[in-house]
Amino acid sequence: MANLLSYVLFLALRTFAAPPESIQVWPGGLTPAPGDLGNDTVGPSLVPPPGTSKHAPHSIIIGVRKGGTRALLEMLDIHPEVAAAATEVHFFDWDENYAKGFEWYRDQMPYSYPNQITVEKTPGYFTSPVAPARIHAMNASIRLLLILRDPTERVISDYTQVYFNRLENHKPVQAIENMLVKNGALNTRYKAIQRSLYDVHMRNWLQQFPLEQIHIVDGDTLIHDPLPELQRVERFLHLPPRIVASNFYFNQTKGFYCIRSDGHERCLHESKGRPHPPVNSTVLRQLRLYLRQHNRNFYRLIGRTFNWQ
């Protein structure tokens, strides 16, 4: 008996004396609550909370670039039954990632509880010619979120992002008019303009998915009055209503709404909401005129209109 007690004591001491690197816990030593999992990355030295696992997305924010996809994901992540992927995966639009297979894709998703849905966002999907068929091959019944804004403003925002990125990397920049005009005419091959041809890209998606599976979020409205748009998203995703007005507050300094959740406040990155450069009025008029017919085509496709100039 004495030998048995000594052996048990030895095992207990060895367990509690284990080196710290062999003990796998979440940061802070706490198992996060369901709503805290969304943007956590689990490294090799961490174990997921009991009862969680990784799943392919139940819903994907497919675009559009500079349409408000990050704001939509951050705001949707308030919901306790949403687990949001932390980064843009670019699985369905980049061949090198798609070649890695669905298991690799699923492994990029966050850990989630059984009552949560996983949401991924990659804005490049909307304008990709191959993404619709690839997503359909994964899940023909998936629910897609598409956030759009005034296509002219989106073009200018697209240019602004590239402009500041080039400045930060000490690369030469050009005035926006030099990008919008080529040989005296509107440069319709400019990528920023191509991304704003919503009707062209929407046709590709409607070849794979019925309109009922694509919920369009008004990005201009989301900026000024986020709650109604998010409540519509909750209903589309069959989520119980959990997002409320107190989850948002207007930041006077930044000029847009920030998020308040679980006792914490956060705003989008400083790269969001940058002021747009002034654009020559004649060039701006040409751009709006060119996009107007595409907007009308888009309205007919979706049976809905927007207050785009």
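Reader: I'd like to start small. Which residue of S12 stands opposite Ser261?

Author: That's His264. Keep in mind that we're reading a predicted model here. The pair belongs to S11 (residues 256-261) and S12, which run antiparallel to each other over 3 bridges.

Reader: How many strands are in that sheet, and in what order?

Author: Three strands, in the order S10-S11-S12, forming an open sheet with antiparallel pairing. Strand S10 (248-251) and strand S12 (264-266) each have a single partner strand, so they are the edges, with one side of each lacking a neighbour in the sheet. On average, neighbouring strands here are turned by 30° against each other, direction ignored.

Reader: Now the other sheet. What is the strand order there, and which way does the pairing run?

Author: Read the order across the sheet, not along the sequence. Here it goes S3-S5-S2-S6-S9, an open sheet of 5 strands with parallel pairing. Strand S3 (82-84) and strand S9 (214-218) take the edge positions: each has a single partner strand, so one side of each has no neighbour in the sheet. The average turn between neighbouring strands of this sheet is 25°, direction ignored.

Reader: How do I follow one strand to the next?

Author: Go bridge by bridge. S2 (residues 59-63) and S6 (residues 143-148) pair in the parallel sense over 4 bridges, and Ile61 has Leu145 of S6 as its bridge partner. Step across again and S6 pairs with S9, also parallel, over 5 bridges; there Leu146 is matched with Ile216 of S9.

Reader: S9 is an edge strand. Is S9 enclosed or open to the outside?

Author: Count the buried residues, meaning those under 20% relative accessible area. In S9 that is 5 of the 5, so the strand is largely enclosed by the rest of the structure.

Reader: And which way do the side chains of S9 point?

Author: The general idea is that side chains in a regular strand alternate between the two faces of the sheet. In S9, Ile214, Ile216 and Asp218 point one way, while His215 and Val217 point the other way, and all are buried.

Reader: Which helix touches both S6 and S9?

Author: Helix H11 (residues 226-236) packs on the sheet and touches those two strands. The direction of H11 makes about 170° with that of S9.

Reader: Let's do a helix on its own. How far does H6 reach?

Author: Compare the span with the expected one. H6 (residues 151-168) has 18 residues and reaches 26 Å from its first C-alpha to its last, close to the 26 Å expected at 1.5 Å a residue.

Reader: What should I look for at the two ends of H6?

Author: At the start of H6, look at Asp150: one of its side-chain oxygens comes to within 2.9 Å of the backbone nitrogen of Thr152. Just past the other end, His170 has a positive phi of about 55°.

Reader: Which helices do the buried residues of H6 pack against?

Author: Four partners to look up: H7 (176-180), H8 (191-195), H9 (198-206) and H12 (281-302). The buried residues of H6 include Pro151, Val155, Ile156 and Tyr159.

Reader: How do I tell where the buried residues lie around H9?

Author: List them, then look around the axis. In H9 they are Tyr198, Asp199, His201, Met202 and Trp205. Those residues cover an arc of only 165° around the axis, which puts them on the same side of H9.

Technical notes
Residues are numbered from 1 along each chain as its sequence is written. This is a predicted model: local features need pLDDT of at least 70, side-chain atom pairs count only at pLDDT 80 or more; totals for chains, interfaces and linings use all residues. Side-chain values use heavy atoms; hydrogens and water are left out. The expected span of a helix is 1.5 Å times one less than its number of residues. Buried means under 20% relative accessible area, exposed over 50%, partly exposed in between (1.4 Å probe, protein chains only). Contact means heavy atoms within 4.5 Å. A polar contact is a pair of N or O atoms within 3.5 Å; within protein, one must be able to donate a hydrogen and the other to accept it, and residues adjacent in sequence count only if both atoms are side-chain atoms. Two strands pair if DSSP finds at least two bridges between them. Axes are lines fitted to C-alpha atoms, for helices over the stretch in contact, and angles run from 0 to 180 degrees between N-to-C directions. The arc is that of the directions from the helix axis to the C-beta atoms.
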